[in-house]
Amino acid sequence: MQSISVFEIIKVGIGPSSSHTMGPWNAAEMFLDLIRRNRSIQDVQEIYLEFFGSLAKTGIGHGTDIAGMLGLSGEDFKLIDTTKIDEKIAEIKLSNQLNLGGEKIIPFVYGHHLVLNMRNSLDFHPNGMIFKAVFSDGTSLEQDYYSVGGGFVATKEENSIQSHCVRTLYPCHSGSAILKNIEKLGLNRVSDLVYLNEESWRTKEQTDAEALYIWQQIKECIYKGVNKEGVLPGGLNVSRRAAGLNKKLLGGKTYTNIDEWFKLVVDAEETFNTINKWVSCFALAVNEENASFGRIITAPTNGASGVIPAVLMYAQAFTDHISDDDIIRFILVAGEIGTLFKKNATISAAMGGCQAEVGVSAAMAAAGLTEIMGGTPGQVLMAAEIAMEHHLGMTCDPIAGLVQIPCIERNSMGAMKAITAANIAIESDPNKARVTLDEVIQSMWDTAQSMNERFKETSEGGLAIAVNVAEC
């Protein structure tokens, strides 16, 4: 088994879903590359895209169709002006044309060239899609892709993450391996081991810079979220709440930039209730941005993108663990825990329900927080285990296929569970723990395989049918 960098787990993304938005977007870019390797974009006469299974059933709510069209247009979700997305999609639909790869305008009729097949699924994975290019000489090129969680894409032959995988000096494919390597090397902290392995991809200085860049993106996302009011797109008429909560908690105090705002947060009253509300505010802010096609940090998915930002912002605003070194070590440890779930279970709600998203993110955040609170390696893994243990069996049942209800509030709950798990672990003896992190990961995977498909991001069970709303 090869190793995965922490920055493949915690990375810049775009809402509302890593598996249903970023994955199809990445697949479209991969198909463009496939065309270029075999022929030329100029030779393409028509292009077809069909989504199956979970991608089709919640495709409209997750913006899967939008991601497919923008990806085929050659847009980059890391760079696109997110305020222009609606305008770009409206132009494609109105003109019945698509600028393929930004190189050639071809006919493109929504509903004909792009289809959401809700009746059928592909065998390899619930999140399947097929791209087909028809060339001017009558020949064609076809490829199936599968969005396997966290924005990663696979074919039956190859997973997109494999190109980023390497064999590290001290492989950490399980919690027990992490502890054995730390003991063997005489290290004191989990982050020390992660640092060593990340050198397989980049220098320590580059690792530090990337982690601090992630932190800057987190702050900016939260700041955007606490300063936007109104109703989220999609038709459920869900009101944004982070901005109102932010105003109430600040007691009417004003600011003009992110630094002034952050200072006001740090200086705010620090009772249990206010800190609890701030944590919720941070998580709500991120996930409201995610729900409106905002740029966020995928950690490890978009549906769970508010948990780690909320916990890290909590640590920065309300604890003594506020140095750049703390930020870096938090992110490194959180990311490493995410890789364990990616390699040994799943981070795809279509495969494992929400335990695979918010549950994994809570485990990651709990571990990161415990690390910077001075926890031992055993306590770090214990915190991750506790956090996941109390998400086991959590379903993914978004109303109308939108990443809004229950997803947005669920991130606030996940953040609070992560903080609680860290506090319990830091006061506990991990040698007396009856459940290991490896055992809870296996249990999560067993639960995922036993879970009814209706509760795996299909909008066919739970809240999605209890609340009678047609998919928007």
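**Note on the predicted model: sheet, cores and enclosed space**

1. Strand β2, which covers residues 44–52, runs parallel to β5 and is joined to it by 4 bridges; strands pair here if DSSP finds at least two bridges between them, and helices (H or I, at least four residues) and strands (E, at least two) are DSSP runs numbered from the N terminus. Within this pairing, F52 has N117 of β5 as its bridge partner. The model is predicted, with local features needing pLDDT of at least 70 and side-chain atom pairs counting only at pLDDT 80 or more, while totals for chains, interfaces and linings use all residues. Residues are numbered from 1 along each chain as its sequence is written, and side-chain values use heavy atoms, with hydrogens and water left out.

2. The open sheet to which these strands belong has 5 strands in the order β5-β2-β6-β7-β8, with mixed pairing. Because β5 (114–117) and β8 (152–154) stand at the edges with a single partner strand each, one side of each is left without a neighbour in the sheet. From one strand to the next, the twist averages 25°.

3. Helix α1 (residues 18–38) packs on the sheet and touches β2, β6 (128–135), β7 (140–149) and β8, its direction making about 150° with that of β7. Contact means heavy atoms within 4.5 Å, and axes are lines fitted to C-alpha atoms, for helices over the stretch in contact, with angles from 0 to 180 degrees between N-to-C directions. Helix α4 (residues 64–72) also packs on the sheet, touching β2, β5 and β6, and its direction makes about 155° with that of β2.

4. The largest nonpolar core (buried Ala, Val, Leu, Ile, Met, Phe, Trp, Tyr and Cys residues joined through side-chain atoms within 4.5 Å; buried means under 20% relative accessible area with a 1.4 Å probe, protein chains only) has 115 residues, and those with the most contacts inside it include W261, F330 and F341. Beyond its neighbours within four places in sequence, F341 is in contact with residues including T346, V360, M388 and M444. Another core, of 39 residues, lies apart from the largest one and includes I47, F108, Y145 and V153.

5. The second largest pocket (on a 1 Å grid over the protein atoms alone, an open set of points with protein on both sides within 12 Å along at least five of seven lines, lining residues having an atom within 4 Å of a point) has a volume of about 560 Å³, a volume being the space filled by probe spheres set on the points, which are joined across faces, edges and corners. Of its 28 lining residues, D86, P233, A291, S292 and F293 lie nearest its centre. Helix α5 (85–95) is among the elements that supply at least two lining residues each, and α5 gives the most, with 4 residues.

Note on methods: Buried < 20%, exposed > 50% of the residue type's maximum accessible area, 1.4 Å probe, protein only. 1 Å grid on protein atoms, 1.4 Å probe; cavity = no way out; pocket = protein on both sides within 12 Å on 5 of 7 lines; lining within 4 Å.
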